[in-house]
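Biologist: Could you take a close look at one helix pair for me, and then walk me through the backbone and the cysteines elsewhere in the model?

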Amino acid sequence: MFLSSLSEYIGSHAPMTNIPALLGIHHSNPLAFHPIVIPLFLLVLCVALRVVSHYVYRKERRGLYPLLYTLWWAAVAATYYYCFSGDLPLYTDTSLGRSEICVGWFCQRQIVGLAWSLLGVALLSYVVYIMLNVLLHVIAHQSDRMGLSEKHWHEWSWIVVAMLLGASAAGIADDLEPIVGIWIMIGYHLLVLLMTLVKLIADTRRTRLFGRCLLSALCFLVVFEAVTMLAIECIEGYIYLFVPIVGLFFSADFHYTKKKA
């Protein structure tokens, strides 16, 4: 009975399209930004993140860590501000018979046309990829500072892999049977939360630094939700263009840069 009622609720609120709408939380864009301003700003931030992370992890310019962290949190803050804005363009969902706020409006060919929507989803996919890369780099740095080994850091990467596989599976299922996609999304969210909790407990036992381990876990979840909201918009635009991100992510060469003595 409960699951049936929950299915009806989540189906009617279409969380695959808009998580802020599902939560019923929006703001009125107090800074009065045009809808395209923050996505473009986020793209610029991610290009800068890519350059800075290259110097940090390839050139070992460790003095750039403060800049890396500043750009990264600016990107996360911009993502939350944008996704919870209440004055974004509307998208008419024919299956629900109503219009709703569309976070990824620039990925919808019904709103911006085919060519712009393809460019939009490609650039948004790039943003998702960079944010996940930097997330793992930052977590590696924090793991290093707590004295954890590379093996222990790689446990975080498996949580990110679960997110990517879950998001891709949910998107493909949503394209075929929406309610199945929604349940897959809920399932992988719960899985990520469980994996993060287990990781928190394991790292606390290894380091005896509960406060720092908790902070790392909370930071991971905050960024995870930000990336998830963006990934959903890639999925809603063109799921079969988002899936290659998973393959690209798997093929990426990640490094755990130990501090020099």
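Modeller: Here is the helix pair, followed by a few other spots in the chain. A word on ground rules: this is a predicted model, where local features need pLDDT of at least 70, side-chain atom pairs count only at pLDDT 80 or more, and totals for chains, interfaces and linings use all residues. Residues are numbered from 1 along each chain as its sequence is written, and side-chain values use heavy atoms, with hydrogens and water left out.

The pair is α3 (37-57) and α4 (residues 65-83); helices here are DSSP runs of H or I with at least four residues, numbered from the N terminus. Their axes, lines fitted to C-alpha atoms over the stretch in contact, sit 9 Å apart. The packing angle is about 155°, taken between N-to-C directions on a scale from 0 to 180 degrees. That makes α3 and α4 roughly antiparallel, because the label applies to angles over 145 degrees. The crossing of α3 over α4 is left-handed, meaning the near helix is turned anticlockwise from the far one by less than a right angle. As for who touches whom (contact means heavy atoms within 4.5 Å), α3 contributes residues including Phe41, Leu45, Leu49 and Val52, while among those from α4 are Leu68, Leu71, Trp72 and Ala75.

Going back along the chain, the loop between α2 (19-23) and α3 holds Asn29. Its phi is near 55°, positive even though Asn29 isn't a glycine. Asn29 is buried at 6% relative accessibility, since buried means under 20% relative accessible area, with exposed over 50% and partly exposed in between (1.4 Å probe, protein chains only).

Arg208 plays a similar trick on phi, with a positive value of about 60° in a non-glycine residue. This one lies in the loop between α8 (178-207) and α9 (210-251), and at 70% relative accessible area Arg208 is exposed.

Now for α6 (residues 114-145): its 32 residues should span 46 Å at 1.5 Å a residue, and the end C-alpha atoms are 47 Å apart, so the two agree. The expected span is 1.5 Å times one less than the number of residues. Most of α6 is covered, with 23 of its 32 residues buried. Right after α6 comes Gly147, with a positive phi of about 85°.

Finally, the cysteines: there are zero disulfides, where a disulfide is a pair of cysteine sulfur atoms within 2.5 Å. Cys213 is buried at 3% relative accessibility, whereas Cys219 is partly exposed at 22%.

Technical notes: Helices (H or I, at least four residues) and strands (E, at least two) are DSSP runs, numbered from the N terminus. Angles under 35 degrees count as roughly parallel, over 145 as roughly antiparallel, 65 to 115 as roughly perpendicular and the rest as oblique.
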